[in-house]
Amino acid sequence: MTSYVENETDQTFSFDEKALLNLVMQAVLDGENCPYEATVNLLMTDGAGIREYNKNYRDIDAETDVLSFPNLEFETPGDFSGAEEREADCFDPDSGELVLGDIILNTARVKEQAAEYGHSERREFAFLLAHSLFHLCGYDHMEPEETALMEEKQEGVLQTLSITRENA
C-alpha cells in the first residue's frame, strides 16, 4: 500500500496525516476485500483551492469539504474484478499497485466541521478520508439506499479503528 500526500496550505494538524490516511485506507480496503496492493494520492488544499477543482472538474462553482476522483469504473461497488481487464489504466507500471485515485481535502473545512460536530480534527479527517475512499471503491450516495450503505460502511471503519466521536 502506498500513499502520497501533498499539503499546499499552511494548515497543520496534531497528527500525522499520511499515517492516518494509510490506517483508514488499509481498513477500507480490507473491509472491501481488495485483492491488490493499492495507491492513493491525497492533496490537502484550502477553500479557494477545492472550489477551483470542483469548478474545473465537476462544473460546480462551490466550496466543499472533500472531492474524490476514482481511477476505476465499478459495475458493482467494491468489486475489483474489472481492474485486470484494464491493467494498463489501473495499475502503476513501476510498483504493480492498483491506482485507486485521488482525494482532495479542504483543510479549513476539517477544522470547521470538527468544531461544529464537537469532535477532534483527527476524527473529522478520518471520516472524510473514509468517505472519499469508499467513493474510490465505487460507492456513491445519489439514492437513499446508497447513502445509508455508505454511512454504515464509513462508521464501521471508524468504529474498527476506534476513531469515534467519543474516542477521537
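**Exercise 1. Determine which residues of helix H4 are buried and what they pack against in this predicted model.**

Solution.
Step 1. Locate the helix: H4 covers residues 107-117.
Step 2. List its buried residues, which are Thr107, Ala108, Val110, Gln113 and Ala114.
Step 3. Identify the partners of these buried residues: they pack against S2, strand S4 (98-106) and H5.
Step 4. Examine the N-terminal end of H4, where Asn106 acts as a cap. A side-chain oxygen of Asn106 lies 3.1 Å from the backbone nitrogen of Ala108.
Step 5. Examine what comes just after H4: Gly118 there takes a positive phi of about 75 degrees.

**Exercise 2. Decide whether His119 is buried or exposed, and describe its surroundings.**

Solution.
Step 1. Place the residue: His119 is in the loop between helix H4 (107-117) and helix H5 (121-136).
Step 2. Apply the cut-off for burial, which is under 20% relative accessible area. His119 has a relative accessibility of 8% and therefore counts as buried.
Step 3. Find its contacts beyond four places in sequence: these are with Gln113, Ala114, Glu124 and Arg165. Gln113 and Ala114 are themselves among the buried residues of H4.
Step 4. Inspect the side chains: those of His119 and Glu124 are joined by a polar contact of 2.7 Å.

**Exercise 3. Characterise the backbone and the exposure of Asn33 and Asp59.**

Solution.
Step 1. Read the backbone angle of Asn33: phi is near 55 degrees, a positive value in a residue other than glycine.
Step 2. Read that of Asp59: here too phi is near 55 degrees, again positive in a residue that is not glycine.
Step 3. Place each residue. Asn33 is found in the loop between helix H1 (17-31) and strand S2 (38-45), and Asp59 lies in the loop between helix H2 (47-58) and strand S3 (66-70).
Step 4. Apply the cut-off for exposure, which is over 50% relative accessible area. With a relative accessible area of 63%, Asn33 is therefore exposed; with 70%, Asp59 is therefore exposed.

**Exercise 4. For Cys90 and Ala130, establish the degree of burial and the contacts made beyond four places in sequence.**

Solution.
Step 1. Assign each residue to its element: Cys90 lies in helix H3 (residues 87-90), and Ala130 lies in helix H5.
Step 2. Read the accessibility. Cys90 has a relative accessible area of 0% and so is buried. Ala130, at 0% relative accessibility, likewise counts as buried.
Step 3. List the contacts of Cys90 beyond four places in sequence: Asn71, Leu72, Ala83, Glu97, Leu98 and Val99.
Step 4. Do the same for Ala130, which is in contact with Val24, Val28 and Gln154.
Step 5. Add the spatial separations. Cys90 and Ala27 are 63 residues apart in sequence, and their C-alpha atoms are 21 Å apart. Ala130 and Thr39 are 91 residues apart along the chain, and their C-alpha atoms are separated by 15 Å.

**Exercise 5. Locate Thr160, state whether it is buried or exposed, and give its distance from Thr64.**

Solution.
Step 1. Thr160 is placed in helix H6 (residues 144-160).
Step 2. Its relative accessibility is 63%, so Thr160 counts as exposed.
Step 3. From C-alpha to C-alpha, Thr160 and Thr64 are 27 Å apart in space, with a sequence separation of 96 residues.

**Exercise 6. Describe the overall architecture, dimensions and surface of the protein.**

Solution.
Step 1. Count the elements: the protein has 6 helices and 4 strands.
Step 2. Put them in sequence order, which gives the pattern β-α-β-α-β-α-β-α-α-α.
Step 3. Assess compactness. The radius of gyration is 15 Å, close to the 15 Å given by the globule rule for 168 residues, so the protein is as compact as a globular protein of that length.
Step 4. Give the dimensions: along the principal axes, the C-alpha atoms fill a box of roughly 45 × 35 × 35 Å.
Step 5. Turn to the interior. Of the 168 residues, 43% count as buried. Among contacts with a separation of 6 or more, 69% come from residues 24 or more positions apart.
Step 6. Turn to the surface. The accessible surface comes to about 8900 Å², and 43% of it belongs to carbon and sulfur atoms.
Step 7. Consider the charges: there are 11 positive and 37 negative charges, and their mean positions are 7 Å apart.

Conventions
Residues are numbered from 1 along each chain as its sequence is written. This is a predicted model: local features need pLDDT of at least 70, side-chain atom pairs count only at pLDDT 80 or more; totals for chains, interfaces and linings use all residues. Side-chain values use heavy atoms; hydrogens and water are left out. Helices (H or I, at least four residues) and strands (E, at least two) are DSSP runs, numbered from the N terminus. The radius of gyration is taken over C-alpha atoms; the globule rule is 2.2 Å times the number of residues to the power 0.38. Buried means under 20% relative accessible area, exposed over 50%, partly exposed in between (1.4 Å probe, protein chains only). Contact means heavy atoms within 4.5 Å. Accessible areas come from the Shrake-Rupley method with a 1.4 Å probe; for residues, only the protein chains shown count as cover. Lys and Arg count as positive and Asp and Glu as negative; His and the chain ends are not counted. The place of a charge is taken as NZ of Lys, CZ of Arg, CG of Asp or CD of Glu. A polar contact is a pair of N or O atoms within 3.5 Å; within protein, one must be able to donate a hydrogen and the other to accept it, and residues adjacent in sequence count only if both atoms are side-chain atoms.
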